[in-house]
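Biologist: Before we discuss this chain, let us look at its sequence and structure together. I shall then ask my questions in turn.

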Amino acid sequence: MALRTAGSVLVVFLWSVTVVLGQDGWSVTYTTQSICTLKGSTVDLFCSYTYPRGKVTTTFWFTEWGTGVEPEDLVQNPEYAGRLEYHGDKKKDCTLKITDLRERDSATYKFRLLTDQEGGKYSGSPGVTLSVTGLQVKVTGGHQYKTLTCITTCTLTDNPTYIWYKNGQHLDESTSPQYKYSVSNDYDASYSCAVKGHEDLHSPAVCVQGQSCNRVTYTKRRICVLKGSTVDISCTVGYYSTTSSFWFRSDKSTPEDLTTDPGYAGRVEYTGTYRGPCTLRITDLREEDSAEYRFTFKANNFEWGHSLPGTTLSVTGLQVKVTPAAEGQKTLTCITTCTLTDNPTYIWYKNGQRLDEPTSQQYSSNILVVLGHSVDSYSCAVEHHEDLHSPAVC
């Protein structure tokens, strides 16, 4: 899809003409049919429904529906693990919240309900088309004057205020997605943009003169890892003669080198060279290590600003949630407080013994269905971190 200039802001509470399609007492009403929102943000898909009679037994959202098969509940899709919150009920509300949006979440979402009556199934069309985009800075102009444009792949709504950063420092705010300036003495500067209210979702910094300039680029903006494990937080630096550098937590009143923080004593290691990359390693992770980590450096009379966000680290344990399923069964879900990075493979244990079933994918999923009357105990873990398994449940 070709990039185009953003003309509107990230606001997902869109109040537009509702769409109602239904028959014989069935209907699903979507507050809006189209939403464009930023990668990493949260969106609410508002909807309500009616049905003619009976009792609602099942409600869910889906994105794909193959011929002759029941559509898949998004809750069962590992891509959405830990990122869905159903705020609806079994009467009329069917609102869905999706957090930590990714570009691959772009799709048309539809709601489906089932009742206890014969033929009591209904799916609401046309659904809600969700487009997820990041921000990028496009540079145009000649050698003396440049125009910077904050662009997206879809049109954000409600006339945003754009924020501009120079060398990691807050520079300017404007309702225009464009910023113009003279570059006569600005050959080493980098620029990035964000939307006000979502400053943590800024664009990558770009050089305006060639490929060499002052900038810090983080390998990953968000990381979710297990309590007790080790994490590497990495970045690259675009300046080649740094005199000093360190990592710090953004929630401190002033930047403080982590290697001098007593809370990290013996658990942090900084590896890097004056040409980068710059990597912070934290071992024996604790939940209180959850924070945003930023890198700063000095070079002669220059210091990289602290305004731009870095990498947000979330540390979680594992828990097994038990919910009733079909008669005589129960569903076990290996849950975390954030979505683990790198799509891990889950491991299940029954009475302390690992369940291995090469012909079935259910044992590599975070969901396991077992007999409801079983007195066995179950726990879960993540591959390559088997020593960090969850407490066992019956």
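**Reading the model**

Biologist: At 42% relative accessibility, what does Asn351 count as?

Modeller: Buried means under 20% relative accessible area and exposed means over 50%, with partly exposed in between (1.4 Å probe, protein chains only). Asn351 has 42% relative accessibility, so it counts as partly exposed.

Biologist: What kind of model is this, and which pLDDT do local features need?

Modeller: Residues are numbered from 1 along each chain as its sequence is written, and side-chain values use heavy atoms, leaving out hydrogens and water. This is a predicted model, in which totals for chains, interfaces and linings use all residues, side-chain atom pairs count only at pLDDT 80 or more, and local features need pLDDT of at least 70.

Biologist: Over which residues does pLDDT stay under 50?

Modeller: pLDDT is the predictor's confidence in each residue, from 0 to 100. The mean for the protein chain is 85, and 89% of its residues reach 70 or more. One stretch stays under 50, although the model has 81 contacts there beyond four places in sequence (a contact means heavy atoms within 4.5 Å). That stretch is residues 1-22.

**Backbone features**

Biologist: Which residue, with phi near 45°, has a positive value without being glycine?

Modeller: Most residues other than glycine have a negative phi, and most peptide bonds are trans. The residue in question lies in the loop between β9 and β10 (107-115); strands are DSSP runs of E with at least two residues, and helices are runs of H or I with at least four, numbered from the N terminus. At 23% relative accessibility, this residue counts as partly exposed. The residue with phi near 45° is Asp100.

Biologist: What is phi of Asn351 near?

Modeller: Asn351 sits in the loop between β31 and β32 (353-354). Its phi is a positive value in a residue other than glycine, near 55°.

Biologist: Where is the cis peptide bond that has omega near 5°?

Modeller: The proline of this bond is found in the loop between β11 and β12 (128-133). The cis bond runs from Ser125 to Pro126.

**Salt bridges**

Biologist: How far apart are the closest N and O atoms of Asp44 and Lys97?

Modeller: A salt bridge is a side-chain nitrogen of Lys or Arg within 4 Å of a carboxyl oxygen of Asp or Glu, and by this rule the count comes to 17. One of them joins Asp44 and Lys97, with closest N and O atoms 3.1 Å apart. This pair links distant parts of the chain, with Asp44 in strand β5 (residues 43-45) and Lys97 in strand β9 (residues 96-98), 53 residues apart. Asp44 and Lys97 are both buried, and the distance asked for is 3.1 Å.

Biologist: Why does the pair of Glu70 and Lys121 tie together separate parts of the sequence, and how many residues apart are they?

Modeller: Glu70 forms a salt bridge with Lys121, the closest N and O atoms being 4.0 Å apart. Glu70 lies in the loop between β7 (56-62) and β8 (84-86), while Lys121 is in strand β11 (residues 121-123), so the pair ties together parts whose separation in sequence is 51 residues.

Biologist: Which residue meets Asp376 in a salt bridge of 3.6 Å, N to O?

Modeller: The side chain of Asp376 meets that of a lysine at 3.6 Å. Asp376 lies in the loop between β33 (367-371) and β34 (378-382), and its partner in strand β31 (residues 346-350), so the pair ties together parts 26 residues apart in sequence. With a relative accessible area of 31%, the partner is partly exposed. The partner is Lys350.

**A distant pair**

Biologist: Which residues does Ala81 touch, not counting those up to four places away in sequence?

Modeller: Ala81 has its place in the loop between β7 and β8. Its C-alpha atom is separated by 6.3 Å from that of Thr339, 258 residues apart along the chain. The residues touched by Ala81 are Thr339 and Asn366.
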